[in-house]
Amino acid sequence: MTRRLLVFALLAFSLTAVASPASAQLLVAKDGPIVYGHHHLNTTNMAAQKKFFVDALGGTVVKFGANQQEIVKFPNVLIFFRPMQAPTGGSIGTTVNHIGFSVPDLRPVIDKIKANGFKMITRTEVAATQEVKDDIAVLNPSTSIAFALAPDEVKVELVQVKTQTAPIQLHHIHFFGQQNVEMEAWYVKTFGAKARPANPGSAFVTADLPGVALNFTPSPTPVVGTQGRSIDHIGFEIKNLEAFTKKLEADGIKLERPYTKVAGSNLALAFIKDPWGTYIELNEGLDQIQ
């Protein structure tokens, strides 16, 4: 099967669960010791990034830290930027193929994305046999999706959830790899994600953390790690981070950056990589960003 056919055939199963509505902060942090926290993008064009994530998608710019770094927040996810770092490539072809948001109605969101000059790529990202009308693919009566290409070739999926009250919120992170089942098992073991029951005959697997689905699709071709690409790394918010990093080391997971308290703040961080090259930041305290 081609990558696009795999994606199409399995999306209907994997895209139905969504985070509960929340205001634009990490409110799900209260729902468990580990939640998804942020995406971190490389870019040299902050104006274009804000035009997409703020003007088109409706995120909110806030300034963070002593240097007043600009970040964009959505319900249950923050987007950080390295504004002077040119990416070595887009997200497609890496272990983190794309990021996903859910919206109550795709049509006005798509219209706004296109009005702001960005490209919809739904046709190329679903199976050739799947009907795409006005940039929307209807997978079943309850599931419609669309794909957009954000600046620096960040692939973004939009999932329509008609019952959702928030105008937009985090929905999923979609990993691609030739060992997708093993990837899911690693995230279940390492972060305590809850694996969904397997869908018979489906290679697409999913595990859940509060507020986000972690989707894992088998890639027919090799993928590379994220560091240096447009989605440089992903981030998890973790209670009692120092103890968590000690457990990681005891389990044989190397810390790319050791547990570090951020001077002049209540924040702490560390970095690891998963076995397939996904660069991962571990945080404690980002849930306090309003």
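**Exercise 1. Work out whether Lys50 is buried, partly exposed or exposed, then find its charged partner and say what the pair connects.**

Start with the accessibility: Lys50 comes out at 26% relative accessibility, so it counts as partly exposed. That follows because buried would need a value under 20% and exposed one over 50%. Keep in mind that this is a predicted model.

Next, look for the partner. Lys50 makes a salt bridge with Glu70, and their closest N and O atoms are 3.1 Å apart. Now place the two ends: Lys50 sits in helix H2 and Glu70 in strand S3, so the bridge ties together parts 20 residues apart in sequence. Check Glu70 too: with 27% relative accessibility, this residue counts as partly exposed.

Finally, zoom out to the helix. H2 (residues 46-56) lies across strand S1 (34-42), S2, strand S3 (69-74) and strand S4 (77-82), and runs at about 20 degrees to S3.

**Exercise 2. Trace the order of the strands in the open sheet and name its edge strands.**

Walk across the sheet: its 8 strands follow the order S2-S3-S4-S1-S15-S18-S17-S16, with mixed pairing. At the edges you find strand S2 (60-64) and strand S16 (257-261), each pairing on one side only. From one strand to the next, the twist averages 25 degrees.

Now take a closer look at S16. This strand runs antiparallel to strand S17 (residues 268-273), and 3 bridges join the two. For a handy landmark, Arg257 stands opposite Phe271 in S17.

Then add helix H6 (residues 241-250), which packs on the sheet and touches S1, strand S15 (231-238), S16, S17 and strand S18 (279-284). The direction of H6 makes about 145 degrees with that of S18.

**Exercise 3. The structure holds 7 salt bridges; take the one between Asp232 and Arg82 and compare how accessible its two ends are.**

First the geometry: the closest N and O atoms of Asp232 and Arg82 are 3.1 Å apart. Asp232 belongs to strand S15 and Arg82 to strand S4, so this pair ties together parts 150 residues apart in sequence.

Then the accessibility. Asp232 has just 2% relative accessibility, so it is buried. Arg82, with a relative accessible area of 31%, is partly exposed.

For one more example, go to Lys247 and Asp251, whose side chains meet in a salt bridge at 2.9 Å, N to O. Here Asp251 is partly exposed, its relative accessible area being 44%.

Methods:
Residues numbered from 1 in each chain as written. Predicted model: local features only at pLDDT ≥ 70, side-chain atom pairs only at ≥ 80, totals over all residues. Heavy atoms only, no water. Pairing = 2+ DSSP bridges. Helix = DSSP H or I, 4+ residues; strand = E, 2+ residues; numbered from the N terminus. Axes fitted to C-alpha atoms, helices over the stretch in contact; angles between N-to-C directions. Contact = heavy atoms within 4.5 Å. Salt bridge = Lys/Arg side-chain N within 4 Å of Asp/Glu carboxyl O. Buried < 20%, exposed > 50% of the residue type's maximum accessible area, 1.4 Å probe, protein only.
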